[in-house]
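Trainee: I am new to this structure. Please take me through the terms and how each one is applied.

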There are 2 protein chains.
Amino acid sequence: MDILYQRFIDHYSSSQQLTDHTKAEICNHLSILHLNKKHVLIKEIQRHDFAYFVIKGAVRSYFLKDGIEVNTWFALENDMVGSLQNFNDKPSKETIELVENSTLISINIKKLKPLMFSNIQISNFINAVIEEYALFLEEKIYFSQMMNSIDKYLILLDKEPQLFQRIPLTYIASFLGITRETLSRLRAK
Amino acid sequence: MDILYQRFIDHYSSSQQLTDHTKAEICNHLSILHLNKKHVLIKEIQRHDFAYFVIKGAVRSYFLKDGIEVNTWFALENDMVGSLQNFNDKPSKETIELVENSTLISINIKKLKPLMFSNIQISNFINAVIEEYALFLEEKIYFSQMMNSIDKYLILLDKEPQLFQRIPLTYIASFLGITRETLSRLRAK
DNA sequence: ATGATTTTGTGACATATATCAAATGAAATC
DNA sequence: GATTTCATTTGATATATGTCACAAAATCAT
């Protein structure tokens, strides 16, 4: 098995031991992608059968609000990229785009998901993926409601310092829910 | 099986048929609660092994920010109540409190969750619960980032009109991220 | 390297919302 | 039914952040 696939599978199987058979079944629905900066993975309004796991690189998600991009999250190494909306046959609300040249694993969710009804390990594996994602969402909501702009900035700077090296401040500002001008002024202190 | 338990189980097993044995296993970890307005289900900072399903009534979740309550969500009939943080042995960030006298099903997550490694139906059942929850969170984040205050108010009024009959406007205002004074002024139009 | 494009920073002003205070209205309690 | 408590509305002012405009700095492409 490809060592990159192994990394993805290990990341989500800490609570159970997968048989070789199950690993092979999962790998059947994976592939490795090398894509360049600005490449669009998932386009707003379109349906999409894949999720992605970042091996190397940086990805952002945004939607348009009155013609202005509102960034909703960023993914770096070992993060998942995608939207549950998609896995439930709904069109994506967001556009997902590469911020750096990246190596990704694509996961064919449409084909992998039905296996959860016949393979308990796959069911638990998918469970782990969704649960980590939901925990991430919970954290994000708490973060957005709990803090004022300055605190959000300081916490993000503390928790995810790599973001500030790799993601333009314009994107980070809109992620924090403020304009780039305001972020620039906060940073001046 | 109690008809209320049936309602809970049916709600999360639309994609699979559960055997009587599985249903019984799930029911072993359920119980019915009748509790009064203002009762606190889960207290901030404390650990907690239970989630709840609202049969009848209204529940709110909030945390304290500089001594002021910030309401994070409301649950009515057929909604789940709880925090994934808890199911992962972390202390709750939020306090969950009844807004009306309510009938709830309590679910002992701590005991139910381990069964997902031996019973595939339970694994898929838990999957359905978490997935619905994650979809709800995705929707909530989109809602909070996409809209300005007036739009949020109008959409909430359109999508969840019952909230405005049953939940005090003070709570709804803080849920929308504005003060009760501002909400009152928005409504004046 | 050099110019072009993108990103970040600074200033002046406008505006939505918060804050503080008080009045009115509704609901719960005795 | 009267009284207390809680929820909502309205007003006057303060403040943080947005908007618009432009300059400086950094990054990219030829």
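**The surface near DNA strand D**

Mentor: Of the 17 residues around DNA strand D, those that come nearest are A:T179, A:T182, B:L169, B:T170 and B:R185. A residue is near a strand if one of its heavy atoms lies within 4 Å of it. This is a predicted model, in which local features need pLDDT of at least 70 and side-chain atom pairs count only at pLDDT 80 or more, while totals for chains, interfaces and linings use all residues. Residues are numbered from 1 along each chain as its sequence is written, chains are lettered from A and ligands numbered from 1 in the order in which they are written, and side-chain values use heavy atoms, with hydrogens and water left out.

Trainee: What makes B:T170 a polar contact of a phosphate oxygen of DNA strand D?

Mentor: A polar contact is a pair of N or O atoms within 3.5 Å; within protein, one must be able to donate a hydrogen and the other to accept it, and residues adjacent in sequence count only if both atoms are side-chain atoms. A polar side-chain atom of B:T170 lies 2.8 Å from a phosphate oxygen of the strand. For A:T179, a polar side-chain atom lies 3.0 Å from a phosphate oxygen of DNA strand D.

Trainee: Why is A:E77 with A:R166 called a salt bridge?

Mentor: A salt bridge is a side-chain nitrogen of Lys or Arg within 4 Å of a carboxyl oxygen of Asp or Glu. The side chains of A:E77 and A:R166 meet at 3.0 Å, N to O. A:E77 lies in the loop between β5 and β6 of chain A and A:R166 in helix α7 of chain A, so the pair ties together parts that are 89 residues apart in sequence. Helices (H or I, at least four residues) and strands (E, at least two) are DSSP runs, numbered from the N terminus.

Trainee: How many salt bridges are there over all chains?

Mentor: The structure holds 16. In chain B, B:R60 forms one with B:E69, the closest N and O atoms being 2.9 Å apart.

Trainee: Why is B:R60 called buried?

Mentor: Buried means under 20% relative accessible area, exposed over 50%, and partly exposed in between (1.4 Å probe, protein chains only). B:R60 has a relative accessible area of 2%, so B:R60 is buried.

Trainee: How do you know what B:E69 counts as?

Mentor: B:E69 has 32% relative accessibility, and therefore counts as partly exposed.
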